[in-house]
Amino acid sequence: MSDPVTFDNVSPRFALPLLYSAQAQKEVFVNEAFALADALLHCSIEGEAAAPPASPSDGQNWLVAAGATGEWAGQDQFLACRQSGNWVFIPPRDGMRVFDISTQQQRFFFGAWRKAASPMEPVGGITVDAEARTAINDLIAALRVLGIFPSV
């Protein structure tokens, strides 16, 4: 006799709830999946903080900073998404990108959240060539951090 077929109850990447035929209260699971998809699709964050904002609005996403406190304790590096008056925490996955509204910059997750630092501008004088090379190298390094240029 063959083994019974088993199904996962969540999707593998973001743990979106999956439905079963004849499942009771499917709308609960569908609404949960929609809420998570709403938070993750073209994700933007308000900023990074170690504690929840005083008056959060539904639909806001935040990056939980190290040493999180209050309702965010133990959720370091997770995305904190405000949904229906509650915080939903989504663990980051390698390759995840978010747009940080506070810094107007993309962040990229690969083991940890990364963002590019601005390269120094060459300022002139007799060392322009050396400074220009350093600025170009810094720019290339920043683009590699963001995954735009491949690592060597």
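In this predicted model, Cys81 is buried, with a relative accessible area of 1%. Burial is assigned here because the value falls under the cut-off of 20%. A second cysteine, Cys43, also counts as buried, at 8% relative accessibility. Are these cysteines joined by a disulfide or left unjoined? Cys43 is in no disulfide, and the nearest cysteine sulfur, that of Cys81, is 6.0 Å away. A disulfide would require the two sulfur atoms to lie within 2.5 Å. A search of the whole structure finds zero disulfides.

Cys81 also introduces a pair of strands. Cys81 stands opposite Val88 in β5. Strand β4, which covers residues 79–83, runs antiparallel to strand β5, which covers residues 86–90, and five bridges join the two. The hairpin that β4 and β5 form has two residues between the strands, and in this hairpin Ser84 takes a positive phi near 50 degrees.

Beyond β5, the chain enters the loop between β5 and β6, where Arg93 is found. Arg93 has a relative accessible area of 25% and is therefore partly exposed. Although Arg93 and Gly111 are 18 residues apart along the chain, their C-alpha atoms are separated by 8.1 Å.

The next element to consider is an open sheet. Four strands form this sheet in the order β1-β6-β7-β8, and the pairing is mixed. Strands β1 (44–45) and β8 (113–114) stand at the edges; each has a single partner strand, so one side of each is left without a neighbour in the sheet. In a regular strand, side chains alternate between the two faces of the sheet. Strands β7 and β8 pair in the antiparallel sense over two bridges.

Within that pairing, Phe109 stands opposite Trp113 in β8. How are the rings of Phe109 and Trp113 arranged? A pair of aromatic rings is described by the distance of the centres and the angle of the planes. For Phe109 and Trp113, the ring centres are 5.2 Å apart and the planes stand at 65 degrees, so the pair is edge-to-face. Phe109 is buried, with a relative accessible area of 7%, and Trp113 counts as buried at 14% relative accessibility.

The pair just described belongs to a wider set, for the count of aromatic pairs comes to three. Another of them consists of Trp62 and Trp72, whose ring centres are 6.5 Å apart and whose planes are at 45 degrees, so that this pair is tilted. Trp62 lies in strand β3 (residues 61–64), while Trp72 lies in the loop between β3 and β4; the pair therefore ties together parts that are ten residues apart in sequence. Both Trp62 and Trp72 are buried. Together with Trp87, these two residues form one aromatic cluster.

Charged residues provide a further set of links, and here attention turns to Arg107. This residue lies in strand β7, which spans residues 105–109. Is Arg107 buried or exposed? Its relative accessibility is 6%, and Arg107 therefore counts as buried. When neighbours within four places in sequence are left aside, the residues in contact with Arg107 include Ile45, Leu63, Met96, Val98 and Trp113.

Which residues form salt bridges with Arg107? One partner is Glu48, with the closest N and O atoms 3.1 Å apart. This pair links distant parts of the chain, since Glu48 is in strand β2 (residues 48–49) and Arg107 is in strand β7, 59 residues apart. Glu48 counts as partly exposed, at 43% relative accessibility. The other partner is Asp100, for which the closest N and O atoms are 3.2 Å apart. Both Asp100 and Arg107 are buried. Salt bridges that share partners thus join Glu48, Asp100 and Arg107 into one network. A search of the whole structure finds two salt bridges.

Note on methods:
Residues numbered from 1 in each chain as written. Predicted model: local features only at pLDDT ≥ 70, side-chain atom pairs only at ≥ 80, totals over all residues. Heavy atoms only, no water. Buried < 20%, exposed > 50% of the residue type's maximum accessible area, 1.4 Å probe, protein only. Contact = heavy atoms within 4.5 Å. Pairing = 2+ DSSP bridges. Salt bridge = Lys/Arg side-chain N within 4 Å of Asp/Glu carboxyl O. Phe/Tyr/Trp six-rings, centres within 6.5 Å; stacked < 30°, edge-to-face > 60°.
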